[in-house]
Amino acid sequence: MTTSKPPVRVGVALGGGAVRGAAHIGVLAALDEAGLAPSVITGTSAGAIVGGLYAAGRSPREIAQIATKLRWMRLVHPTVNRRSLLDTRRLRTFLDEALGGRHFDDLERRFAAVACELTTGARRVLVEGSVADAVLASAAIPGVFPPVDRDGIQLVDGGLVDLVPAALARSLGADVVVAVDVSGPLPRRAPTTMLQILVAATHLQTGVAEALARDADLVLSPAVDEFAFWELSRIPEFERAGREAAERALPVIRALCDVVDARRRWQETAENQAEW
C-alpha cells in the first residue's frame, strides 16, 4: 500500500519596509502563477499586512487593488495625545474589512505576524485572535502609530526586533524558505519631516543580511532603493520590482523544492531498507 507524499511546503518571510512592502504583492503573484504558492507566510510590519491578506484568501490581484485605494488622509488623521502622531482607528476598520473580520483560526494558510513588546523589547509572535489587530500591531511604528494592546501587552512595530522573519517560517513547517527583504538603504532623497524620519528609522535594523543567510534558503531583494519608504504613488513600481525579483528566482526555488522532494524519497528508501 502506498501513501501519497505531502507536498513540499514553500514558506515566504515578508519583511518590513513601509510602502516598499508593495513589492511583496509582486512576489506572491509570480509564485502563484508559477504553481509555487506558499503555504506558510510570516510577516513583519508591511509584510504582515500583505501576508495577512494573502493568508486570508485574498489573491495578489485583489491585494494590489486594495493597495491602490490607500490614502493616508482617509485612513489616518493627526491626533493630539502623548502616544502618537496619528490615530489609526480608521485604518484598523479598513484592515478588518479587507480581511473579512478573520481570526487566525479562519485563515486558509499558516500565518504569523511579528511585533515588539514595548516595555521589554521582546519579540512577540502573533498567531491567535484578530488578524487585523495582529497586523496593525506589527506595523505600529513607534511615535507614528499608537501601540496596540493585546492581552494587556503594548505592542509596536516588529521591524525593531525581526525585520524579515525567516526562521519563524521554518518553525511553522516550511520546507523551503524564501525571504523577501525590502528594507534597503535610504533613498537618495533623504527624509525631511518628523514622520518620514520615524518611518525610515524603524527600518534601519542591522544584521539582517547575516540572519537571512543563516535562516533562509533564498533571499530576494527587489530593486526598491530608488524610492522612499513613504511614497504611495510608487506602489506600481514596487509591485513590479517584487514580481521581477521573484520571476528571476523561479528556477532556484523549483530546484530547492526538488532537493527537498529528492531527500524525502531517499529517506523513504532508507527506512524501507532498514525494515527489510
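These legends accompany a set of close-up views of a predicted protein model.

**Figure 1. The whole chain, as a starting point for the close-ups that follow.**
Before zooming in, here is the overall inventory: the predicted protein contains 10 helices and 10 strands. Of its 276 residues, 49% are buried. Sequence-distant pairings are well represented, since this is a fold in which 75% of the contacts between residues at least 6 apart in sequence join residues at least 24 apart. The protein exposes about 13400 Å², and carbon and sulfur atoms supply 52% of that area.

**Figure 2. V40 and its neighbours in strand β2.**
V40 belongs to strand β2, which spans residues 40–44. With a relative accessible area of 0%, V40 falls under the 20% cut-off and therefore counts as buried. What surrounds it? Leaving aside residues up to four places away in sequence, V40 touches R9, V10, G11, V12, R110, A169, L172, G173 and A174. One of these partners, G11, sits 29 residues away along the chain, yet its C-alpha atom is 4.4 Å from that of V40.

**Figure 3. The loop with A18 and the helix α1 that follows.**
A18 lies in the loop between β1 (10–14) and α1 (23–33). Its phi is near 55 degrees, a positive value in a residue other than glycine. Is A18 buried, partly exposed or exposed? Its relative accessible area is 21%, so A18 is partly exposed. Helix α1 itself is largely enclosed by the rest of the structure, because nine of its 11 residues are buried. Those buried residues are A23, H24, I25, G26, V27, L28, A29, A30 and L31. Just after α1 comes G35, with a positive phi of about 75 degrees.

**Figure 4. S45 and the covered helix α2.**
S45 occupies the loop between β2 (40–44) and α2 (46–55). Its relative accessibility is 4%, so S45 counts as buried. Look for A139 beside it: the two residues are 94 apart along the chain, while their C-alpha atoms are separated by 3.8 Å. Moving on into α2, nine of its 10 residues are buried, leaving the helix mostly covered. The buried residues of α2 are A46, G47, A48, V50, G51, G52, L53, Y54 and A55. Just after this helix, G57 takes a positive phi of about 100 degrees.

**Figure 5. The second largest pocket and its lining.**
This view is centred on a pocket with a volume of about 200 Å³. Which residues line the second largest pocket? They are R124, V125, L126, V127, E128, G129, R150, D151, I153 and L155. Two elements, β6 (123–126) and β8 (153–157), each give two or more residues to this lining. Strand β6 gives the most, with three residues. For anyone thinking about the chemistry of the lining, its residues divide into five nonpolar, one polar and four charged.

**Figure 6. D151, a lining residue with a positive phi.**
Here we stay with one of the residues that line the second largest pocket, D151. D151 lies in the loop between β7 (148–150) and β8. Its phi is near 55 degrees, which is positive in a residue other than glycine. Is D151 buried or exposed? At 78% relative accessibility, D151 is over the 50% cut-off and so counts as exposed.

**Figure 7. S183 and its polar contact with D181.**
The last close-up visits the loop between β9 (176–180) and α8 (194–202), where S183 is found. S183 has a relative accessible area of 8%, so it is buried. Which side chain does the side chain of S183 meet in a polar contact? The partner is the side chain of D181, at 2.7 Å. Another reference point in this view is V224, which is 41 residues from S183 along the chain, with 8.3 Å between their C-alpha atoms.

Conventions
Residues are numbered from 1 along each chain as its sequence is written. This is a predicted model: local features need pLDDT of at least 70, side-chain atom pairs count only at pLDDT 80 or more; totals for chains, interfaces and linings use all residues. Side-chain values use heavy atoms; hydrogens and water are left out. Helices (H or I, at least four residues) and strands (E, at least two) are DSSP runs, numbered from the N terminus. Buried means under 20% relative accessible area, exposed over 50%, partly exposed in between (1.4 Å probe, protein chains only). Contact means heavy atoms within 4.5 Å. Accessible areas come from the Shrake-Rupley method with a 1.4 Å probe; for residues, only the protein chains shown count as cover. A polar contact is a pair of N or O atoms within 3.5 Å; within protein, one must be able to donate a hydrogen and the other to accept it, and residues adjacent in sequence count only if both atoms are side-chain atoms. On a 1 Å grid over the protein atoms alone, a cavity is a set of points where a 1.4 Å probe fits but cannot get out, and a pocket is an open set with protein on both sides within 12 Å along at least five of seven lines; lining residues have an atom within 4 Å of a point. Grid points are joined across faces, edges and corners, and a volume is the space filled by probe spheres set on the points. Ala, Val, Leu, Ile, Met, Phe, Trp, Tyr, Cys and Pro count as nonpolar, Asp, Glu, Lys and Arg as charged, and the others, Gly among them, as polar.
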